[in-house]
Amino acid sequence: MAGVPAYAPPPDVEVRRSRRRVRTVTAYRDGDRTIVLIPARFTRAQEREWVERMVARLSAQDRRRRPGDDDLMARATELSRRYLDGLARPASVAWVPNQNSRWGSCTPSERTIRLSTRLQGMPPWVIDYVLLHELAHLVEHGHGPRFWALLADYPRTERARGFLEGFAAARDGSIGDGADDDHADRVDDTPAFGVNVRTDLDGTG
């Protein structure tokens with residue numbers, strides 16, 4: 001219709017059309033930008049609809065993978081109840097950006113737990129493991145047999161440790177189980193994983 005401006009996506013969103021893409025729409029983060037891949041046949045109205053839908057889905061996924069400090073505290077309370085009989089009672093749990101060589105740290109004397117923002121974007125079960133690991137330090141300060149016994153009931157301990165070790169190794173980093181004065185576990189100095197979402201246009205995805 002004359003006089004109606006064409007749809008323009010937000011400045012941080014890039015829309016890419018493909019003639020080979022027929023049945024799916026995909027969106028992912030690329031740094032500060034969001035890339036949305038759509039079929040070339042889409043009208044401008046369909047483009048607007050799917051861009052808005054996929055950006056919303058990515059944002060929801062971001063919130064699940066990047067919980068805030070209040071969410072971390074609530075999750076810590078639940079993990080302590082489920083796996084540590086409620087024995088670990090942190091005074092605070094927070095994300096911190098300055099732990100470039102740590103997954104997380106715990107100061108038992110202050111009952112404070114800090115998780116590296118490098119974990120943000122990793123699977124929730126990996127974040128749960130690191131959080132539970134630090135919670136266990138509120139009960140058992142070292143990394144001896146009694147410490148690892150506290151983590152025995154978490155079903156993804158070995159899988160999460162393997163995930164973190166593989167992530168570090170892929171970036172020429174390292175992770176160790178040795179405790180330092182602050183009971184920290186090491187991580188490489190690389191960004192966390194990105195996220196993406198994909199939808200089948202027939203509604204099955």
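**Notes on the predicted model**

1. Let's start in the middle of things, with L115. Leaving aside residues up to four places away in sequence, L115 touches L72, A94, W95, V96, Q99, W103, G104, I127, V130, L131 and E134. Keep in mind throughout that this is a predicted model.

2. L115 also belongs to the largest nonpolar core, which has 31 residues. Along with L119, L135 and L164, L115 touches the most other members of that core. Two or more residues each come from α2 (69-83), β4 (92-96), β6 (112-116), α3 (124-137) and α5. Helix α3 gives the largest share, nine residues. Another core lies apart from this one; it has 11 residues, including V25, I38, M54 and L58.

3. Helix α3 deserves a look of its own. How many of its 14 residues are buried? The count is 13, so α3 is mostly covered. Its length checks out too: at 1.5 Å a residue, the 14 residues should span 20 Å, and the end C-alpha atoms are indeed 20 Å apart.

4. On to charges. Searching the whole structure turns up 10 salt bridges. One of them pairs R53 with E49, with the closest N and O atoms 2.7 Å apart. Both residues sit in helix α1 (residues 44-65), and because they are four residues apart, about one helical turn separates them. In an α-helix there are 3.6 residues a turn, so residues three or four places apart point the same way. As for exposure, R53 is partly exposed at 38% relative accessibility, and E49 is partly exposed as well, at 37%.

5. Helix α5 (residues 157-170) holds a pair with three-residue spacing, R161 and E158, again about one turn of the helix. Their side chains meet in a salt bridge at 3.9 Å, N to O. Are these two partners buried or exposed? R161 is buried, because its relative accessible area of 16% falls under the 20% cut-off. E158, on the other hand, is exposed, since its 57% is over the 50% mark. When you look at this bridge on screen, then, you are looking at a buried arginine paired with an exposed glutamate.

6. Two further items on salt bridges. E140 pairs with R146, and the closest N and O atoms there are 3.5 Å apart; R146 is exposed, at 62% relative accessibility. Then there is a network of salt bridges that links E14, R16 and R33.

7. A smaller detail concerns T26, which is found in strand β2 (residues 24-30). T26 counts as buried, at 12% relative accessibility. Its side chain makes a polar contact of 3.2 Å with the side chain of R21.

8. Finally, confidence. The mean pLDDT of the protein chain is 79, and 77% of the residues reach 70 or more. Which stretch should you be wary of? Over residues 173-197 the pLDDT is below 50. In the model, that stretch still has 91 contacts beyond near neighbours in sequence. Where pLDDT is low, the predicted coordinates should not be read in detail.

Technical notes: Residues are numbered from 1 along each chain as its sequence is written. This is a predicted model: local features need pLDDT of at least 70, side-chain atom pairs count only at pLDDT 80 or more; totals for chains, interfaces and linings use all residues. Side-chain values use heavy atoms; hydrogens and water are left out. A salt bridge is a side-chain nitrogen of Lys or Arg within 4 Å of a carboxyl oxygen of Asp or Glu. Buried means under 20% relative accessible area, exposed over 50%, partly exposed in between (1.4 Å probe, protein chains only). A nonpolar core is a set of buried Ala, Val, Leu, Ile, Met, Phe, Trp, Tyr and Cys residues joined through side-chain atoms within 4.5 Å. Contact means heavy atoms within 4.5 Å. A polar contact is a pair of N or O atoms within 3.5 Å; within protein, one must be able to donate a hydrogen and the other to accept it, and residues adjacent in sequence count only if both atoms are side-chain atoms. The expected span of a helix is 1.5 Å times one less than its number of residues. pLDDT is the predictor's confidence in each residue, from 0 to 100.
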